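Work through the following exercises with the sequence and the model side by side. Each task is followed by a solution that goes step by step.

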Amino acid sequence: MQWTTQDIEWMSQALRQAALGLYSTSPNPHVGCVIVKDGQLVGAGAHLKAGEPHAEVHALRQAGSQARGATAYVTLEPCSHYGRTPPCAHALVEAGVSRVLVAMQDPNPLVAGKGIAYLQAHGVEVSAGLLESQAQALNPGFVLRMTQQRPYVRLKVAASLDGRTALANGVSQWITSAAARRDVHHWRARSCAMLTGIGTVLHDDPSLTVRDVASTRQPLRVIVDSQLRMPLTAKVLQQGHALIAYAAASTPAAQEKLARLQALGVQTVALPNGAGQVDITALLHTLAQQQINEVMVEAGAVLNGPMLQTGLVDELLLYYAPKLMGSAGLGMFALPDYTAMSQSLALNIVDVRHFEQDIRIQASLR
């Protein structure tokens, strides 16, 4: 399919619309739509919150009667089923849109080509695949949840240039600048859940909340706590909306701890792996069942390393500060002592940028 320069420009605008819902649409995907007639924009819209009108509906309302005979550019295949809102494919047909360009097919089995088929069956010309990779990049978690029943996992680490996350005495605040920390909050805001280990909670007592970014929701706080060592006064529990994954609660003290955590409104789930630890793969599937699209990991080397080694991390956010903290400092990842370069984990660098003097490297695993 040959796309025109105008097609690319209009779909790019639809993608910018989709990004407006980056912090608010979960568990739904981020979708944008623009409607064009005679080379002029007549309607634009974004899906901003689950349960509210989809992008196509907002754009059609703005276009009004001008939608008849117009072209719609949509970043995700219009839905064809009744959910919390009516089908968008039906709305486009009823409005008289003559042509629809779709960036990517919907991976949701309830749609998965049915929206395109409905449009075509009602005489609408449909083309798909325009700026597909950009549309997928806006919805990596939704795609994985629909196709592999797991969320997309980002792992964030802040370190010195010599790869240390804390001094030998455990002091770690602050390695990176305020600008870098503000950037972290943007990633937290788009995440459906924050994941950490009990070691980080006991040592740092983090809140794992979104602060420096305007957001209508807070992510679910997920703590891997095999032996239920969680203090009831931990900050991560104070605002509710938390889940603790543990391995066993076989003693009366553990049962009492479970009851007290549940009384605080904390979700608890037993996910043993047979070695007295939490099964992280099972935990990710559990989160997907709760409609969690994107998970951000902010943990220590003990959890970071195994997650990387077992292929549970999709993307790394590595913030490096121009400091040297010494060989006795704490490392980023607890990984085996490799004996050959072929054993090392290879990465693809996706993006590099500065925040004041700090550097953020965004990378994926090969």
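**Exercise 1.** Locate P27 and determine which peptide bond next to P27 is cis.

*Solution.* Begin with the place of P27, which is in the loop between α1 and β1 (32–37), where helices (H or I, at least four residues) and strands (E, at least two) are DSSP runs numbered from the N terminus. Then turn to the backbone: the bond that joins S26 and P27 is cis, with omega about 5 degrees. A further cis peptide bond runs from Q173 to W174, with omega near -10 degrees, and W174 has its place in the loop between β6 and α7. This is a predicted model, in which local features need pLDDT of at least 70 and side-chain atom pairs count only at pLDDT 80 or more, while totals for chains, interfaces and linings use all residues. Residues are numbered from 1 along each chain as its sequence is written, and side-chain values use heavy atoms, with hydrogens and water left out.

**Exercise 2.** Establish whether L131 and Q149, each with a positive phi, are buried, partly exposed or exposed.

*Solution.* First, L131 is not a glycine, yet its phi is positive at about 55 degrees; L131 is found in the loop between β5 (125–128) and α5. L131 counts as buried because its relative accessibility is 16%, the classes being buried under 20% relative accessible area, exposed over 50% and partly exposed in between (1.4 Å probe, protein chains only). Next, Q149, likewise not a glycine, has a positive phi of about 55 degrees and lies in the loop between α6 and β6. At 44% relative accessibility, Q149 is therefore partly exposed.

**Exercise 3.** Find the residues with the most contacts inside the largest nonpolar core, and trace the surroundings of Y73.

*Solution.* The core in question (a set of buried Ala, Val, Leu, Ile, Met, Phe, Trp, Tyr and Cys residues joined through side-chain atoms within 4.5 Å) has 39 residues, and those with the most contacts inside it are M11, I35, A72, Y73 and V100. Once neighbours within four places in sequence are set aside, Y73 is in contact (heavy atoms within 4.5 Å) with residues including W10, M11, C33, V34, R99 and L130. A second, separate core has 34 residues, among them L271, I292, M307 and L308.

**Exercise 4.** Explain why C33 and C192 form no disulfide.

*Solution.* Start from the search of the whole structure, which finds zero disulfides (pairs of cysteine sulfur atoms within 2.5 Å). For C33, the closest cysteine sulfur is that of C88, and the separation of 8.5 Å is too far for a bond. For C192, the closest is in C79, at 19 Å, which is also too far. Both cysteines count as buried, C33 at 0% relative accessibility and C192 at 6%.

**Exercise 5.** Describe how helices α3 and α4 pack, giving angle, distance and handedness.

*Solution.* With axes taken as lines fitted to C-alpha atoms over the stretch in contact, and angles running from 0 to 180 degrees between N-to-C directions, α3 (residues 88–95) and α4 (residues 114–121) pack at about 20 degrees, their axes 9 Å apart. The two helices are therefore roughly parallel, a class that covers angles under 35 degrees. The contact is made by A89, H90, L92 and V93 of α3 together with G115, Y118 and L119 of α4.

The crossing is right-handed, the near helix being turned clockwise from the far one by less than a right angle.

Note on methods:
Angles under 35 degrees count as roughly parallel, over 145 as roughly antiparallel, 65 to 115 as roughly perpendicular and the rest as oblique.
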